[in-house]
Amino acid sequence: MHDLDYFRQNLPRFEEMARLRNLTLNFAEFIELDRQRRQLITNVESRKAQRNKASEEIARLKKSGQDAAAVITEMKAVSDGIREDDQRIAEFDLRLNDFLLVIPNLPHVSVPPGGPDQNREVRRWGQPPNFDFAPRPHWEIGERTGILDLPRAAKIAGARFAVYKGPGARLERALANFMLDVHTREHGYTEILPPFLVNTASLLGVGQLPKFASDMFHLEGTDLWLTPTAEVELTGLYRDETIDAETLPIKVCAWTACFRSEAGAAGKDTRGILRQHQFQKVEMFKFTRAEDSYEELETLVANAETILQRLGLHYRVMLLATGDMGFAAAKTYDLEVWLPSAATFREISSCSNCEAFQARRAGIRAKPKAGKSAFVHTLNGSGLAVGRTWLALVENYQQADGSILIPEVLRSFMGTDRIEPLKQSAG
RNA sequence: GGAGGAGUGGCCGAGUGGUUGAAGGCGGCGGUCUUGAAAACCGUUAGACCCGGAAGGGUCUCGGGGGUUCGAAUCCCUCCUCCUCCGCCA
């Protein structure tokens, strides 16, 4: 959400942003509503001042045993008028708020304008592995090694769910443990294990609601939703709080399941486990001072890259263009990992600086020793999407004999250096 | 799930319809005193919003929301959170 005052004074910037994001918003109507609302407030508040004075007068009269009936009658009418106008103001607030809540964040000046074709490759690490055979897609490898069972997942829950089995299940767990260990021991993040169900207020705070309700699973008859990303819980950690500025930056990370309805993705990535209704993710999150947030974004990206590098996975870093960024982001880097079976890069992490956009919605401030409190900046990044790391690893480390090599850093977690193919078909 | 109790400022804690945005204490900050410190004493110590060029003025906020009333921290309704007991349960 944007600062109303800033919004009023920088309309051209917002109009430009709306154009870049391909949105039609009636700014003129908003400005007029805002003007009327303030007029009403000024008017009603002067009557409240009058009423407050009269209340003192009544108290005084009664105390000295005099009759206050005349003043009370007069104030009755004034109070009725105030009540009516308070209601009108509340309606204005609602309409203005509804409008503000659906305006996305403004992109940072360093973000290239345009659609996804304007995304800029910032750097590239490693090499694609060399195969002297045709690399298989992960669902085939999963089946031949017996570590992934999609038909049975479909039986249990439906399409876009996975059952991991044996070393496959263990690999998922190993990856999550490895990531959490690196972030907590080496990168200074505090591990959080949050609820996987979140309420509406938390989702409004990150900007997931009101616009993206159809992308999530809602629990009927409750105010609860399955979390689409731990970003929701981690932002919610300090919702409606004022933090001591001395403690910034606060760095937290969390392993959670994430749930997406993938409502708009019918027919996209239907094979394999690239796009699932449930996947696990290790999320990194920072609350920072405004002046530090862009520096912190760079280290956040570096923290995510560390994981890919230790796993020996070839990737590239993309700076997203204005039209490809999420709703709350001011600047986003995507990490894209190499998938041999498709010979392309696919997103495995997204790291964003949301500046004060979420903090303003969620009411997260920081108070310095001297001076006024200010909204913090929030940053989030996957470090990494575990499910996608799993499949990238399986594809990149597949061997000619059908086995999967386990990278050095995972062996202590896996208790083996290799996942063997099944000897024969078995359940 | 059932029964009961409680939510006041950074913290503790008064306050059950009328100068109470809120006594008192602690803590914090500034000062006096002191070679320095402590103690003592004095002062100070929320935020959001509206009008205004500013000075300043005003409104709102006692867990959240709604209601009663000329007027609500105080009365009513509702939701949330915490505590105690019973039941159930990983």
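So, which residues come nearest to RNA strand B? Of the 19 residues around the strand, the nearest are Thr42, Asn52, Ile58, Lys76 and Ser79. Please keep in mind as we go that this is a predicted model.

Let's stay with Asn52 for a moment. One of its polar side-chain atoms sits 2.9 Å from a phosphate oxygen of RNA strand B. Lys62 goes to a base instead: a polar side-chain atom of Lys62 is 3.1 Å from a base oxygen of the strand. And then there is Ile72, where a backbone N or O atom lies 3.4 Å from a sugar or linking oxygen of RNA strand B.

Where does this surface come from? Two elements give two or more residues to the surface near RNA strand B, helix 3 (27-63) and helix 4 (69-101). Helix 3 provides the largest share, with 12 residues.

What about the chemistry? On the protein side, the surface near the strand counts nine charged, six nonpolar and four polar residues. On the RNA side, take the atoms of strand B within 4 Å of the protein: 67% of them belong to sugar or phosphate, and the rest to bases.

Now let's zoom out to the whole of chain A. The domain assignment splits out domain 1, covering 26-101, and domain 2, covering 116-419. How far apart are the C-alpha centres of the two domains? Domain 1 and domain 2 have their C-alpha centres 49 Å apart.

If you'd like to look on screen while we chat, start with Asn52 and its phosphate oxygen at 2.9 Å, then go to Lys62 and the base oxygen at 3.1 Å. Thanks, everyone!

Terms used. Residues are numbered from 1 along each chain as its sequence is written. Chains are lettered from A and ligands numbered from 1 in the order in which they are written. This is a predicted model: local features need pLDDT of at least 70, side-chain atom pairs count only at pLDDT 80 or more; totals for chains, interfaces and linings use all residues. Side-chain values use heavy atoms; hydrogens and water are left out. Domain bounds come from an automatic or database domain assignment. A residue is near a molecule or strand if one of its heavy atoms lies within 4 Å of it. A polar contact is a pair of N or O atoms within 3.5 Å; within protein, one must be able to donate a hydrogen and the other to accept it, and residues adjacent in sequence count only if both atoms are side-chain atoms. Helices (H or I, at least four residues) and strands (E, at least two) are DSSP runs, numbered from the N terminus. Ala, Val, Leu, Ile, Met, Phe, Trp, Tyr, Cys and Pro count as nonpolar, Asp, Glu, Lys and Arg as charged, and the others, Gly among them, as polar.
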